[in-house]
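Trainee: Could we go through this structure together? I would like to begin with one residue and work outwards.

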Amino acid sequence: MIVMKGQKAKVGTLGDIWILIGGELWDQHRPVYEQPRVKFPYKYLVLAEFEGVDDGESSVLTCSSFEGYNSATEQLPSCNAIRVIPIDEDNDQAIDRLRVTISFNPPDGANGLRFYTVYYFLETTLTSQCNFRVPAFIYLDKLPAPAAKFLSGKIEHHGVVQARQSTSLQCPFFMRQQKSHFSGRYYPNENSTLEEFQPKMIMGKIESSNPAYFEYSQTRTGWMSDESGVINIEMDIAIGGADSQATALLYRTSLWQRLSQFWTSYFPLLFVSLWIANKVKMYLFENFYLRAVEVLPWKQKYI
C-alpha cells in the first residue's frame, strides 16, 4: 500500500529576513544567492518507540553516533545501515540534493511503531563573499507513525534546506577587519545530559549563538508498507539549485561596495542632468531670455 500526502512548505522569503534586521535595506544590506557546500559528518541520532503486545510496555530503539548518548542510555546502536547519497544534478561539483536513509528492525514483541525522532548535522560552507561555516541542523522531532501497527516499510520525507537569519553577515574589508562569528558549541558531547540531546534544545543553542543557520523545511511526505520486516526512514533534501532563494542570506555592504553602488547608480543621472542644464542654458542665451555674454576662455573670442 502506498500513501502520499502534500504539506505546505515553510519557505521564508528575503522579505522575512529583512524584517528581522529592521529597515535601511537599500544601502546597508544586500542579498546574496549562494549554494552552500555541504558535507555529511556522520553526526546523527535516531530514536523510535514501539508499542508492546497486548498493552505491554513500550520498547525504545536508538541509533546514535554520539558516545555520550550511548553511555547515558546504556544502549548499543540498533540500526542496520545508514546510507548517504549525495546528488549533483548539474555536474558543478556541488551537492544539489542529499538523501539519507536509516534502516532498522523492530524489536521482538513490538506491536507497531508509535513515534520516531531523527536528526543529523551538516557541515555547510559559504565562500562567495568570505569563508563562513554556517550551522546546519536537519531534524524530525517525535513524529507519529504513518499507520497503526506499522512494522515494516518505508517512510519518506522531502524538503529543502532553508536559511534563517537574525542579523546580516559581516565580511572583513580594508580598514575594517570585522567578521561575523559562528559558534560550534551546540554539538552534544560526552558531558551532555539526555535533555541536551533533544532536537529543540540543540536548535535553541544554534539560534542563540549564531547570526544565521540552515534548517530543514518539509514540503511533502509519503510512506509504503511491505513485508520486508525492516523500517526505512528516508530524508531527501534539496540544497540550493532551483531553490536558491531558500538559501539566500543578507550581507552588510562594505564601504567599497557602497561607493561602487553610488557610482553606478548616480553617475548616469548626474551626466544626464548636466547635459540638460547645458541645453537649457544655451537656449536661454541664444533666445536672449538672459542678456549676458558667455565667456569661453579656450575658444577664440568673437565680436
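Trainee: Which strand does valine 32 lie in?

Mentor: Valine 32 belongs to strand β2, which covers residues 29–32. Please keep in mind that this is a predicted model.

Trainee: Is valine 32 buried or exposed?

Mentor: Valine 32 counts as buried, because its relative accessibility is 9% and the cut-off for buried is under 20%.

Trainee: What is valine 32 in contact with, apart from its neighbours within four places in sequence?

Mentor: The contacts are Ser128, Gln129, Ala248, Leu249 and Tyr251. As for leucine 249, its C-alpha is 5.5 Å from that of valine 32, although 217 residues separate the two in sequence.

Trainee: Tyr251 has a ring. Which ring is paired with that of tyrosine 251, and is the pair tilted?

Mentor: May I take the aromatic pairs in order? The whole structure has 16 of them. One is formed by tyrosine 69 and phenylalanine 197, in an edge-to-face arrangement with 5.2 Å centre to centre and 65 degrees between the planes. Tyrosine 69 is in helix α2 (residues 67–73) and phenylalanine 197 is in the loop between β10 and α3, so this pair ties together parts 128 residues apart in sequence. Both tyrosine 69 and phenylalanine 197 are buried.

The ring of tyrosine 251 is paired with that of phenylalanine 132; the centres are 6.3 Å apart and the planes at 35 degrees, so the pair is tilted. Phenylalanine 132 lies in strand β9 (residues 132–144) and tyrosine 251 in strand β13 (residues 249–252), so parts 119 residues apart in sequence are tied together. Both of these residues are buried as well.

Trainee: Which residues do ring pairs link into a cluster?

Mentor: The cluster consists of Phe66, Tyr69, Tyr119, Phe121, Phe137, Tyr139, Tyr186, Tyr187 and Phe197.

Trainee: And which lysine lies over the face of tyrosine 187?

Mentor: That is lysine 43, at 4.2 Å from the ring centre. Elsewhere, lysine 142 lies over the face of phenylalanine 115, at 4.8 Å from the ring centre.

Trainee: Changing topic: how many disulfides are there?

Mentor: The count is 2. In one, the sulfur atoms of cysteine 63 and cysteine 79 are 2.4 Å apart. Cysteine 63 is in strand β5 (residues 59–64) and cysteine 79 in strand β6 (residues 79–87), so the bond ties together parts 16 residues apart in sequence. Cysteine 63 and cysteine 79 are buried.

Trainee: Which cysteine is joined to cysteine 130?

Mentor: Cysteine 171, with an S to S distance of 2.1 Å. The torsion about that S-S bond is about -80 degrees, so the disulfide formed by cysteine 130 and cysteine 171 is left-handed. Cysteine 130 lies in the loop between β8 and β9 and cysteine 171 in the loop between β10 and α3, so parts 41 residues apart in sequence are tied together. Cysteine 130 and cysteine 171 are also buried.

Trainee: Let us look at β8. How many of its 17 residues are buried?

Mentor: 13 of them, so to speak of β8 as mostly covered is correct.

Trainee: Which strands are joined to β8 by bridges?

Mentor: Among them are β3, with 3 bridges, β4, with 9, and β9, with 11. Each of these pairings is antiparallel. As examples, arginine 37 has threonine 125 of β8 as its bridge partner, glutamate 51 stands opposite glycine 112 in β8, and valine 118 is partnered by leucine 140 in β9.

Trainee: How many residues lie between β8 and β9 in their hairpin?

Mentor: There are 5 residues between them.

Technical notes. Residues are numbered from 1 along each chain as its sequence is written. This is a predicted model: local features need pLDDT of at least 70, side-chain atom pairs count only at pLDDT 80 or more; totals for chains, interfaces and linings use all residues. Side-chain values use heavy atoms; hydrogens and water are left out. Helices (H or I, at least four residues) and strands (E, at least two) are DSSP runs, numbered from the N terminus. Buried means under 20% relative accessible area, exposed over 50%, partly exposed in between (1.4 Å probe, protein chains only). Contact means heavy atoms within 4.5 Å. Rings of Phe, Tyr and Trp (its six-membered ring) pair if their centres lie within 6.5 Å; planes under 30 degrees apart count as stacked, over 60 as edge-to-face and the rest as tilted. A charge sits over a ring if NZ of Lys or CZ of Arg is within 6 Å of the ring centre and within 35 degrees of the ring normal. A disulfide is a pair of cysteine sulfur atoms within 2.5 Å. Two strands pair if DSSP finds at least two bridges between them.
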